[in-house]
Amino acid sequence: MLSRLTRLGPTLPRILANSGLRFVSQSPPSASAGSATLSELQPPHAKDSDGHGEVNHYLKNPDYHGFSADPEVDQWNMRLAFFFGISMTLVVGGTFVNYLPDHGMREWARREAERLIKLREAKGLTLIEEDYYDPSKIVLPAAVEE
Amino acid sequence: MLKILIPTLFLIPTTWLTPQKWLWPTVMTQSMMIALISLTWLNNSSESGWTTMNSLIATDPLSTPLLVLSCWLLPLLVLASQNHLSSEPSSRQKTFLSLLSLLQVFIIMAFSATEMIMFYVMFEATLIPTLLVITRWGNQAERLNAGIYFLFYTLVGSLPLLVALLMLQNCTGTLSLLVLHYSQPVTMAPMSSKIWWVACMGAFLVKMPLYGAHLWLPKAHVEAPVAGSMVLAAVLLKLGGYGMMRLMVVLAPTSKEMAYPFIIMALWGVVMTGSTCLRQTDLKSLIAYSSVGHMGLVVAGILIQTPWGLTGALILMIAHGLTSSALFCLANTNYERTHTRTMLLARGLQTALPLMTAWWFIASLANLALPPLPNLMGELMIISSLFNWSPWTLLLTGVGTLITASYSLYMFLMTQRGPLPKHMMALPPSFTREHLLMALHLLPLMLIILKPAILWGCFP
C-alpha cells in the first residue's frame, strides 16, 4: 500500500518516498540502534553534505539555546534577543505606549459624558435635550406660493 | 521617519560587513532597535491626523499600527530563519537577510506613502524580494509554480490599478492621500464607473485575497520558507487591505452597489475556506487557508465602509498578522524536527514537546478568536456592522465563526494530542530561541488587550 503513495508524485513527503530505505538499517553493525532511526528522518542528501545532517548541539554545548553552534555566540545572541526583545521593546516600549496622550480626546469625552450624566441626574434634568438648537430662536421664512 | 528608514536600509551593509560568526545576533539586534523606535509612531497627536510628515511620507492612525507590526516582524523573521539557514554558505545567508531588509524598506515606504503612485510602486516592489525568497529558499519543487502563481495573480490584478490611478490623476489633478478626501467625485458613465471601481479594487482584492482569486495564497505560503510565510501572512496581505481602505474614499458612490457581490463572495469565502481547512492534511496549507478566511472577513468589513467595519478590519488585520505568523513559526518548529508537514505523521507532539504545546494552545485559541484577544474584538465589530447592513449575513458569519473554531481545535488536537508515531524517536527538545519567538508573537497580542485604542485607526 505504501507503494501506491507514489501516485502523489513530488508532493509526497520525502520520508514516505524513501519507503525502501525506511525499514532497512543502513548503518554499519557497530553503530548504535538510536542513530539508525535518526538518520531515517533526514533527507537522503543530508548524509553526504559533509556530515551536516542532524547535529545534536547539546553534545558539545549542554547549554545550547538554539541560536548558534558556537557557545559564546549562542549565549550572547540569547542575551541580546531577550534584552532587546522583552526588556526594551515589550517593557519599555509597552510603558511608552501605555502613557501615550489621549488620541482624539476619546477618553476625555467618556469622562466628560460620565461627569455630565452624574450632574444632571443629581439635578433631575433630562440627560440631553432633543433639540440641538432652541426652537424659539429659529426664524422661518413665510410660506411663499411658487 | 528617516530614523527608521535609514537603519533599515543600512541593515544591508550590516549583513555584508559583519563577520559570519556575529551575523545573526547583529542583524537581530539592529532590527529590534528599529522596532523599538517604531513604537514612537503610535503617538499620533496631530489635528489633521497626519504626523511624521515630509512631502513624500506621512503616517496616520491607519498606517501606524501596520507599520509597527511590520517593523516588529523583521527581528522575528531573523529569529525564525536562524536555524534552517545555519547550514548554508555565508553568502547565501547574507543574501537572504539582505532580501528581507529590502522587503522591509519597501513595506515601510508603501504604508507611509502619501501619494498613490508611490504606494503602487512600493506595492509592486514588495513582490520581487518575496518571489526571490520563495523560489530560491523554498524546500520543494512546487516552489517554482508557487512563485509564478504569486507573481502573476498580483500583476494581473494590478495593471488595471495603474491605469485607474493614472486616470484618477488626470481627472482630479492629484493623487496625494492628504487631499484625496476633499476632491470632487469623478463623474463618468455608469458602466465605465463600474469598470473603474473593479480596476481600482481588483489588485487589492487579489492581494487580500478575496475568495475566488485566492489560489496563489496556499501555494505561496506553503512553499515559502518560514520567514517568507511569516512576512506574507503578517504584512503583505495587509498591504491589500490598506490599499482598499485608502482608495475607497474616491470610489463612492459607485461602492454602494459594486460592493454587494464582493461582500457576499468574501463571506462565502470564510465558510468555504473554513470547510477546506477541516479537510487539509498539510499543516501549512491549513494555516494558509485560515488566512484566506480571516482576510475574507476583513474584506467584508472594509467594503461595508462604516466606522465600525473599518475599525474592526484594522484590528483584525493586526491581530491576524501576529496570530498567523505565530502559527507558521510553530509549524516550522515541527518541520525542522520531523521534515514533514503532513499532520498525520507529526502528531501527538504533546508527549514529546510539552512546552511547545502551551504555545500551540495559545496560538490556536487566538486563531479561533477567543475573548478578550483582539482577534475577537475585530471579528465582532465586523460581524456587527455586517448585521447592520443586512441581517442575513449573520448566517454566513455565524457559520464561519463556528467552522473557524472547529478547524482551529482540529489543528491543535491533530498536532498535539493522540498517539506519538512510533518513528519519532530522537526529536530535539524545544530551544530557547523557539520559545522566545513564540513569546514575542503572542505577548504583544495580549498586551494589545490592555490598550486597544492604538488600533482603532482614524475611524470612531
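**Chain A architecture and the setting of Thr415(B)**

In chain A, of the contacts that link residues at least 6 apart in sequence, 12% join residues at least 24 apart. The model is a predicted one, and the description below concerns chain A as a whole, then an annotated span within chain A, and finally a single residue of chain B.

The secondary structure of chain A comprises 6 helices and 0 strands, and the order of these elements along the sequence is accordingly written as α-α-α-α-α-α. Of the 146 residues in chain A, 19% are buried. The surface that chain A exposes amounts to about 11,300 Å², and 60% of this area is supplied by carbon and sulfur atoms.

An unreviewed UniProt entry lists residues 80-101 of chain A under the name "transmembrane region". In the model, this span is 86% helix and 0% strand, and the C-alpha atoms at the ends of residues 80-101 are separated by 31 Å.

In chain B, Thr415(B) is located in helix H19, which covers residues 393-416. The relative accessible area of Thr415(B) is 0%, and the residue is therefore classed as buried, since burial is assigned under 20% relative accessible area. When residues up to four places away in sequence are not counted, Thr415(B) touches Leu283(B), Asn334(B), Met343(B) and Trp360(B), together with Ala346(B), Arg347(B), Gly348(B) and Leu349(B).

Notes:
Residues numbered from 1 in each chain as written. Chains lettered and ligands numbered in written order. Predicted model: local features only at pLDDT ≥ 70, side-chain atom pairs only at ≥ 80, totals over all residues. Heavy atoms only, no water. Helix = DSSP H or I, 4+ residues; strand = E, 2+ residues; numbered from the N terminus. Buried < 20%, exposed > 50% of the residue type's maximum accessible area, 1.4 Å probe, protein only. Contact = heavy atoms within 4.5 Å. Areas by Shrake-Rupley, 256 points an atom, 1.4 Å probe, with all protein chains shown as cover. UniProt positions renumbered as here; feature names shortened; annotations may be inferred.
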